[in-house]
Amino acid sequence: MIAVCAVISGAESWEDMALYGRSKQDWLGTFLALPNGIPSHDTFRRVFMLIDTGRFEACFEAWARSFGTTLDREVVAIDGKASRGSFDRSRDQAAFHVVSAWASDRGLVLGQRQVGDKSNEITAIPELLDVLDIKGAIVTLDAMGCQRAIAANILEGGADYFVTLKANQGKKHSAVAELCATTCFSRSPTHRPVHDEFDDGHGRLVRCRVFVCPDAVALEPLRDWPGLKSVLAVETICGVNGSGKIEAEIRYFLSSSDDQPEILARAIRQHWQIENSLHWVLDVTFNEDHCRIRDRNAVQNFSLLRKIAINLVRRHQSPNLNGSASIGCV
């Protein structure tokens, strides 16, 4: 309890937790029995090195489910992030890497799984999907999750997938790009954009056009893709104000969803909430990348403490948090 409160208040180390406890001992004593006073920083460290990470994650996931089931057609974004300061050269240990699931409409972390030192996100994503309640959701993943087995796993969970198709998919990407160049981006296109939006915020002008390519579903390289119903092409044209520099990019997506194009276009935008509302907060508000805790159990458990803090603050919509319910103002 002390650790969670300390992390909400900005604690970044075991020393910070002990200092927080001593500073708030009178208040903590109103609801905690503290017969031996506040634990030392070494006690905090030992406890979180010894807590079983799997059981701690299972408790977190059960607690996250208590906030309610996944909303119908809610975008559940799955993405990975490294805690860059957790490397240890003396042990030949890479930085801790974790895959998280983010419920975009509710602003909640649903769960996390560690990526093994000798593995990658492809093995961690199915483990995370197996414990999530994703029925009725649209699960979005970047190119790392663009795997047939992962797509099938999502369908078995009663959800639809929405995954990024990149050039590392070889023939699949080439076939889709070649078809869309003719049907969407030629001088006489067959398909018109289903979504065309301008954004002039953050000192730049961005135009985003979304095309649905129904013919691409029948392409030979995609015939073995489970439950495929939609192929989307997204063109982004970006110009930084005053620079005169313009950049254009075309991305492709595969989905088992046959929802209206507007819902699929929304899924593309909402996927990036996991970067802006979770990863950015972990780095900027909680200073995660600069944390030098290196014991694997402790790093994983501390990562979960930060996500408990994020869920608690986002669920607490009080106007008394310095006039804002924003996590960045705590």
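Student: In which strand is the place of Asp79?

Tutor: In this predicted model, Asp79 lies in strand β1, which covers residues 75-83.

Student: What makes Asp79 a residue with no salt bridge, and is it buried or exposed?

Tutor: Asp79 is buried, and the nearest side chain of opposite charge, that of Lys166, is 9.8 Å away; a salt bridge requires a side-chain nitrogen of Lys or Arg within 4 Å of a carboxyl oxygen of Asp or Glu, so none is counted here.

Student: Which residues does Asp79 touch, not counting residues up to four places away in sequence?

Tutor: They are Val98, Val99, Ser100, Glu121, Asp142, Ile274, Glu275 and His279.

Student: Why is strand β3 described as largely enclosed by the rest of the structure?

Tutor: Strand β3 runs over residues 108-115, and seven of its eight residues are buried; since buried means under 20% relative accessible area, the description as largely enclosed therefore follows.

Student: How do you know that β2 and β3 pair, and in which sense?

Tutor: Strand β2 (residues 96-103) is joined to β3 by seven bridges in the antiparallel sense, and because at least two bridges are needed for two strands to pair, the criterion is met. Within this arrangement Trp102 stands opposite Val109 in β3, while the two strands form a hairpin with four residues between them, where Gly107 in the turn has a positive phi of about 65°.

Student: How many helices and strands does the chain have, and what share of its residues counts as buried?

Tutor: The chain comes to eleven helices and nine strands, and 47% of its 330 residues count as buried.

Terms used
Residues numbered from 1 in each chain as written. Predicted model: local features only at pLDDT ≥ 70, side-chain atom pairs only at ≥ 80, totals over all residues. Heavy atoms only, no water. Buried < 20%, exposed > 50% of the residue type's maximum accessible area, 1.4 Å probe, protein only. Lys, Arg positive; Asp, Glu negative; His and termini not counted. Contact = heavy atoms within 4.5 Å.
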